Amino acid sequence: MTGRDPWATPRVAGPGGRVGPVDASLSPRYGGAATFARLPRLDEIGTADVDVAVLGAPFDTGVSFRPGARFGPGHVRESSRLLRPFNPALGTEPFARQQVVDAGDLAINPFDIDEALADVETGARTLLERATRLVTLGGDHTVALPLLRALHAVHGPVAVLHLDAHLDTWDTYFGAAYTHGTPFRRASEEGLLDAEACMHLGVRGPLYGPADLTDDRALGFTAVPCTELDAVGVPGLVERVRARVGDRPVYVSLDIDVLDPAFAPGTGTPEAGGMTSRELLALLRGFAGLRLVGVDVVEVAPAYDHAQVTGIAAAHAVYELLSAMVAG
Ligand SMILES: N=C(N)NCCCC(=O)O
Ligand SMILES: [Zn+2]
Ligand SMILES: [Zn+2]
């Protein structure tokens with residue numbers, strides 16, 4: 001007998017009593033319920049301070065094409081099992097330098113979008129009473145609006161770094177104002193955004209007409225389309241981002257379809273000619289040192305994924321953003 005307790009799930013301890021992920025050298029990473037990166041649930045850390053809460057927003061009733069993003073949060077958690085404590089690319093330990101927990105999933109009304117928006121905003125507001133920052137796993141991009149509403153109550157207008165193949169500043173679909181194609185127009189109309197500092201990164205593909213671009217600029221966004229990525233390069237893109245947002249509070253809204261369909265097939269509105277996952281992760285590392293007040297990673301639709309390709313890309317994007325919050 002080894003004397004080892006096979007039911008034990010010891011965790012990697014962090015400084016100051018921080019509770020880290022389950023220790024994969026003692027409890028195989030493919031076992032046990034999947035919280036994000038096998039981090040502790042909120043109810044496992046007592047009254048300790050929470051620097052970052054990861055939460056799921058399972059909702060896809062706002063989509064205009066393929067559904068399925070309601071299964072995104074669970075898929076990204078399952079795809080995060082291989083994440084390890086030390087990030088060599090940024091020289092930091094994202095789970096030791098800050099207390100990160102998995103707060104579980106919001107119960108969002110799938111049948112009534114107005115109620116769904118209220119569910120997400122209420123859930124985010126109450127969680128912000130406990131956690132300094134939220135990292136939200138979507139769900140479709142509709143959820144970005146209530147998350148920005150909740151954040152506005154704490155930080156005022158924020159600079160949005162919107163990584164997406166799509167502008168998502170359209171007005172209505174079939175007369176509906178709240179969809180996954182309209183969150184940032186609504187947010188701009190509601191005064192939630194810093195109109196001098198918002199950016200789209202990675203936009204591409206066919207539009208409904210040239211007015212889409214002129215309307216977008218009028219809402220306070222500048223855009224770096226994917227067609228400029230090779231010329232500008234990731235370092236150049238990081239420079240433009242840092243120059244635009246400065247030391248403002250920054251919200252990162254990452255639609256996984258900013259990646260090329262080769263790197264993120266598991267999504268609802270894929271567009272050819274996107275970023276590689278290597279480019280995306282390098283870009284996110286470039287956000288180290290920015291005043292990141294919140295993040296979402298949305299539009300992961302596992303039904304169209306294979307071998308967790310999209311889930312792994314999303315999990316690593318969250319990992320790099322968590323690392324950027326404490327790097328340097
Ligand atoms: N995937 C997001 N967030 N938006 C897609 C909008 C697609 C369209 O208007 O055709
Ligand atoms: Zn998109
Ligand atoms: Zn989007």
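Ligand 1 is surrounded by 13 residues in this predicted model. The closest of them are Asp 168, Tyr 173, Tyr 208, Asp 255 and Thr 269. By type, the shell around ligand 1 holds three nonpolar, five polar and five charged residues.

Side chains from this part of the protein make polar contacts with ligand 1, including those in the table.

| Side chain (N or O atom) | Atom of ligand 1 | Distance |
|---|---|---|
| Tyr 173 | oxygen | 2.3 Å |
| Thr 269 | nitrogen | 2.9 Å |
| His 141 | nitrogen | 3.4 Å |

Taken alone, ligand 1 exposes 310 Å², and the protein buries 91% of that area.

His 141 also serves the zinc ion (ligand 3), to which it gives its ND1 atom. The other protein donors of this ion are the OD atoms of Asp 164, Asp 168 and Asp 255, and the donors lie 2.0 to 2.2 Å from the zinc. Along the chain, the donors follow the spacing H-x22-D-x3-D-x86-D. Asp 168 is placed in the loop between β6 (159-163) and α4 (183-189), while Asp 255 belongs to strand β9 (residues 249-255), so the pair ties together parts that are 87 residues apart in sequence. Asp 168 and Asp 255 are both buried, and both are also listed among the closest residues to ligand 1.

A further zinc ion (ligand 2) lies 3.2 Å from the zinc ion (ligand 3), and Asp 164 bridges the two.

Methods
Residues are numbered from 1 along each chain as its sequence is written. Chains are lettered from A and ligands numbered from 1 in the order in which they are written. This is a predicted model: local features need pLDDT of at least 70, side-chain atom pairs count only at pLDDT 80 or more; totals for chains, interfaces and linings use all residues. Side-chain values use heavy atoms; hydrogens and water are left out. Donors are N, O and S atoms within 2.8 Å of the metal (3.2 Å for Na, K and Ca); water is not among the atoms, so sites may look incomplete. Helices (H or I, at least four residues) and strands (E, at least two) are DSSP runs, numbered from the N terminus. Buried means under 20% relative accessible area, exposed over 50%, partly exposed in between (1.4 Å probe, protein chains only). A residue is near a molecule or strand if one of its heavy atoms lies within 4 Å of it. A polar contact is a pair of N or O atoms within 3.5 Å; within protein, one must be able to donate a hydrogen and the other to accept it, and residues adjacent in sequence count only if both atoms are side-chain atoms. Accessible areas come from the Shrake-Rupley method with a 1.4 Å probe; for residues, only the protein chains shown count as cover. Ala, Val, Leu, Ile, Met, Phe, Trp, Tyr, Cys and Pro count as nonpolar, Asp, Glu, Lys and Arg as charged, and the others, Gly among them, as polar.
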